[in-house]
Amino acid sequence: DRLRRVLSTHNDLVFVQAEAILALEAAATSLGRAGLVALNIVTSQYGGYFGDWLRRAGTDVVTVAAEPGMPVGVEAVRAALAARPEVGLVAMVHAETSSGILNPLPEIAALARSRGALLLVDAVASVGGHPLDVDALGIDVCVIGAQKALAGPAGLSMASVSPRAWAAMR
């Protein structure tokens, strides 16, 4: 219940007894499938990992990469979605530990929602340090770790999973 309040969600929470990288991989490979087109936003190696995992699951991945150390531009995301209207999943990292950047999650979430695309968010570095309203933003899978701004132990991660995401995984 406390984590649901932190995330502002009524979605299911799944606990993973492992580092968040494992929960991120599980989320991407569970959502990915042949026939799915995903827009993957890359602002660090973690965004790159999303693309690798989605491809491994058979997904056609379209990449939007930001300049090193910079957040992704909303217009670049909008243009990529316009070029590939069949995008069914948007994957992104909210905040980057190594560079300190914060990607424009509310704007990207609105773009994903307007297209009916699922939204997969790595919020490991942002949860507890930046506003994060999973339900209001329409995040379908939000993966968090306890070890950063929440000041919890390493080796424990969680994911909030929406009913739409569960249906897509089935």
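Here are a few exercises with worked solutions on a predicted model.

**Exercise 1. Find out how the buried residues of helix H2 are arranged around its axis.**

*Solution.* Start with the helix itself: H2 covers residues 20-31, twelve residues in total. From its first C-alpha to its last, H2 reaches 17 Å, close to the 16 Å expected at 1.5 Å a residue. Next, pick out the residues under the 20% cut-off for buried. In H2 these are Ala20, Ala23, Leu24, Ala27, Ala28 and Leu31. Now look down the axis: the buried residues of H2 fall within an arc of 130°, so they line one face of the helix.

**Exercise 2. Do the same for helix H3, then place Tyr46.**

*Solution.* Begin again with length. H3 has twelve residues and a first-to-last C-alpha reach of 16 Å, close to the 16 Å expected at 1.5 Å a residue. Then list the buried residues of H3, which are Gly47, Phe50, Gly51, Trp53 and Leu54. Around the axis they cover an arc of only 165°, and that puts them on the same side of H3.

Tyr46 also lies in H3, which spans residues 45-56. With 36% relative accessibility, Tyr46 counts as partly exposed, because the partly exposed class runs between 20% and 50%. Finally, check its surface partners: Tyr46 forms a nonpolar patch on the surface with Ile21 and Leu22. Together, the three have about 250 Å² of accessible area.

**Exercise 3. Sort the named residues of helix H4 into buried and exposed, and say where the buried ones point.**

*Solution.* H4 runs over residues 74-83, and its buried residues are Val74, Val77, Ala80 and Leu81. Seen down the axis of H4, these fall within an arc of 130°, so they line one face of the helix. Now turn to the other side of H4, where Glu75, Ala82 and Ala83 are exposed.

**Exercise 4. Work out which side chains make polar contacts with the side chain of Thr43.**

*Solution.* First locate the residue: Thr43 is in the loop between strand E2 (37-42) and H3. Its relative accessibility is 12%, so Thr43 counts as buried. Then look for partners of its side chain. One polar contact is with the side chain of Glu96, at 2.5 Å. Another is with the side chain of Asn103, at 3.1 Å.

**Exercise 5. Describe the setting of Ser8 and Ala151, each of which has a positive phi.**

*Solution.* A little background helps: most residues other than glycine have a negative phi. Ser8 is not a glycine, yet its phi is positive, about 55°. Ser8 sits in the loop between helix H1 (2-7) and strand E1 (12-16), and at 30% relative accessibility Ser8 is partly exposed.

Ala151 also has a positive phi of about 55° without being a glycine. Ala151 belongs to the loop between strand E6 (141-145) and strand E7 (157-161). At 68% relative accessibility, Ala151 is exposed, since the cut-off for exposed is over 50%.

**Exercise 6. Decide whether Pro131 is buried or exposed, and give its distance to Phe15.**

*Solution.* Pro131 is placed in the loop between strand E5 (118-122) and helix H6 (134-137). The relative accessible area of Pro131 is 77%, so Pro131 is exposed. For the distance, go from C-alpha to C-alpha: Pro131 and Phe15 are 21 Å apart in space. In sequence, Pro131 and Phe15 are 116 residues apart.

Technical notes: Residues numbered from 1 in each chain as written. Predicted model: local features only at pLDDT ≥ 70, side-chain atom pairs only at ≥ 80, totals over all residues. Heavy atoms only, no water. Helix = DSSP H or I, 4+ residues; strand = E, 2+ residues; numbered from the N terminus. Buried < 20%, exposed > 50% of the residue type's maximum accessible area, 1.4 Å probe, protein only. Expected span 1.5 Å × (residues − 1). Arc of directions from axis to C-beta. Patch = residues over 30% accessible without salt bridge, like charges linked within 9 Å, V, L, I, M, F, W, Y side chains within 5 Å. Areas by Shrake-Rupley, 256 points an atom, 1.4 Å probe, with all protein chains shown as cover. Salt bridge = Lys/Arg side-chain N within 4 Å of Asp/Glu carboxyl O. Polar contact = N/O pair within 3.5 Å; in protein donor to acceptor, adjacent residues only side chain to side chain.
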